[in-house]
Each structure stands twice: as structure tokens, then as C-alpha cells.
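This briefing is meant for someone opening this entry without earlier acquaintance with it. It begins with one strand pairing and then widens to the rest of the chain.

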Amino acid sequence: MNFARLAGVVACALITGTTWAADFAAGPIELNDLWVRASVPGQINGAGYVEINNKSGQADRLVSVQSDAAARVELHTVLTENGVAKMRQVEGGVDVPAHGSARLSPGGFHVMFLQLTAPFKLGATIPVVLKFEKAGEVRVDFAVKPPTYNPASQGEHGMMTGDHAGMKH
Ligand SMILES: [Cu+2]
């Protein structure tokens, strides 16, 4: 490698370094963009979303979630049966491929908070422990976003962005 090329690599790392830092990590597993929507009056459940990146050459799996923020916390997915979207508890966890990622996002996988201890308040953070099969446990905080929050990149799931709490379990 000649020096000019090396210098270019270093400069690139410096420029992008701050944006590459993960919000939370457990070994090679990095967690970013963790959020829930603020509760609306009368809402008793909530859903959490996160992007999981695996820097390792070994596949891993998100196997369970724990939090004091709700009476029960489960890993859910959304399945469509006869044209009706229904939430189901995930069997065996959420796979995170080697050198790959998994995304919990509206319309798909989510952390399900059942019977909230207290309403999610805008600007607060919700502490959760995520447990991975290989990387182990990591304590993370989910940021509370406005009730109408929807990431722009998730537009294709628009049909699922309504009242999550009203869905049948
Ligand atoms: Cu759910």
C-alpha cells in the first residue's frame, strides 16, 4: 500500500468516525436507532424498534427481551392471515446473520410491551435488556418519539403504522 492511499483511508475514518459509533453494543453486536412511540391516552401497550448489526463472522440471534416498563415484554412479528395483519410471538428469536443485520421496524418484528407500567412520555428513555444467544445480554435505552413518528425509510409499511395498540394478540 502506498502512503497516499493509506492517508486517504485514515482521513475517511476520521470524517465518518463519529457517525459510525453504535448507540449500544454487546461484543460484535451493535444496536442503533432504538425507539418507541409516546403513548396516547388509553393506550396500554407499546412497541419498540431497533436496528441490529452483527460485525462478527458468526450468526447470532436475539432470543429475549426484558424490561420493567411493562408487565410483560415479548418479541413479536406481524403475519398476514386471510388479508388480516396479526401479531404473533416470535418462535426461537430473531436471526442476525453473520456480517449482516436485522431490523425491528413497523409492520414487522418489534419488542412488544404489554400492559405498560406507565405511559411512554415524549423525550423519555425506556430501559430494556436485550439477550442474544452468543453475544449475551446488553442493556439499552429506547428513545420515546412522538405518537405519529414514522421513519421516512419505512414508507412501504405505511399500512401498518396506525394504532398498533389496537391490534389483536
Ligand atoms: Cu406486538
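Gly 46 has Phe 113 as its bridge partner in strand E9, and that pairing belongs to a set of three bridges by which strand E3 (residues 46–54) is joined to E9 in an antiparallel arrangement. The model shown here is a predicted one, and its secondary structure amounts to one helix and 11 strands. Read from the N terminus, the order of elements is α-β-β-β-β-β-β-β-β-β-β-β.

**Strand pairing around E9 and E5**

- Strand E5 (residues 70–81) is also joined to E9, in this case by six bridges, and the two strands run antiparallel.
- Within that pairing, Val 73 stands opposite Phe 113 of E9, while Glu 74 stands opposite Met 112 of E9; Phe 113 is thus the partner named for Val 73 and also for Gly 46 of the E3 pairing.
- E5 pairs as well with strand E6 (residues 84–89), in the antiparallel sense and over six bridges, and one of the facing pairs there is Glu 81 with Val 84 of E6.
- The link between E5 and E6 is a hairpin with two residues between the strands, and Asn 82 in the turn has a positive phi of about 55°.

**Strand pairing around E11**

- Strand E10 (residues 125–132) and E11 pair in the antiparallel sense over eight bridges, and a hairpin of three residues carries the chain from E10 to E11.
- Val 128 has Val 140 in E11 as its bridge partner.
- E11 (residues 136–145) also pairs with E2, here in the parallel sense and over three bridges, and in this pairing Val 36 has Val 144 of E11 as its bridge partner.

**Positive phi values outside the turn**

- Most residues other than glycine have a negative phi, which gives a background for the two residues described next.
- Asp 33, placed in strand E2 (residues 29–37), has a phi near 55°, a positive value in a residue that is not glycine.
- Is Asp 33 buried or exposed? Asp 33 counts as partly exposed because 16 other C-beta atoms lie within 10 Å, a number that falls between the limit of 12 or fewer for an exposed residue and that of 20 or more for a buried one.
- Gln 115, found in strand E9 (residues 110–116), likewise has a positive phi, of about 60°, although it is not a glycine.
- Gln 115 has 11 C-beta neighbours inside 10 Å and therefore counts as exposed.

**Burial and the nonpolar core**

- Of the 169 residues in the chain, 26% are buried.
- In soluble globular proteins, nonpolar side chains tend to be buried together.
- The largest nonpolar core in this model has 32 residues, and those with the most contacts inside it are Ile 52, Leu 62, Val 111, Phe 113, Ile 126, Val 128 and Leu 130.
- Two of these residues have already been met in the strand pairings, namely Phe 113, which Val 73 faces, and Val 128, which is bridged to Val 140.
- Leaving aside residues up to four places away in sequence, Leu 130 touches Leu 31, Leu 62, Val 65, Val 138 and Val 140.

**Contacts between distant parts of the sequence**

- When contacts between residues at least 6 apart in sequence are considered, 69% of them join residues at least 24 apart.
- Val 63, in strand E4 (residues 60–66), offers an example, since its C-alpha atom and that of Lys 131 are separated by 5.8 Å although the two residues are 68 residues apart along the chain.
- What does Val 63 touch, not counting residues up to four places away in sequence? Its contacts of this kind are with Gly 93, Lys 131, Phe 132 and Glu 133.
- Val 63 is classed as partly exposed because 15 other C-beta atoms lie within 10 Å of its own.

**Confidence in the model**

- The average pLDDT over the chain is 86, and 78% of the residues score at least 70.
- Over residues 154–163, however, the pLDDT is below 50, and this stretch has 11 contacts in the model beyond near neighbours in sequence.

Technical notes:
Residues are numbered from 1 along each chain as its sequence is written. This is a predicted model: local features need pLDDT of at least 70, side-chain atom pairs count only at pLDDT 80 or more; totals for chains, interfaces and linings use all residues. Helices (H or I, at least four residues) and strands (E, at least two) are DSSP runs, numbered from the N terminus. Two strands pair if DSSP finds at least two bridges between them. Two residues are in contact if their C-beta atoms, placed from the backbone, lie within 7 Å. pLDDT is the predictor's confidence in each residue, from 0 to 100. A nonpolar core is a set of buried Ala, Val, Leu, Ile, Met, Phe, Trp, Tyr and Cys residues joined through C-beta atoms within 7 Å.
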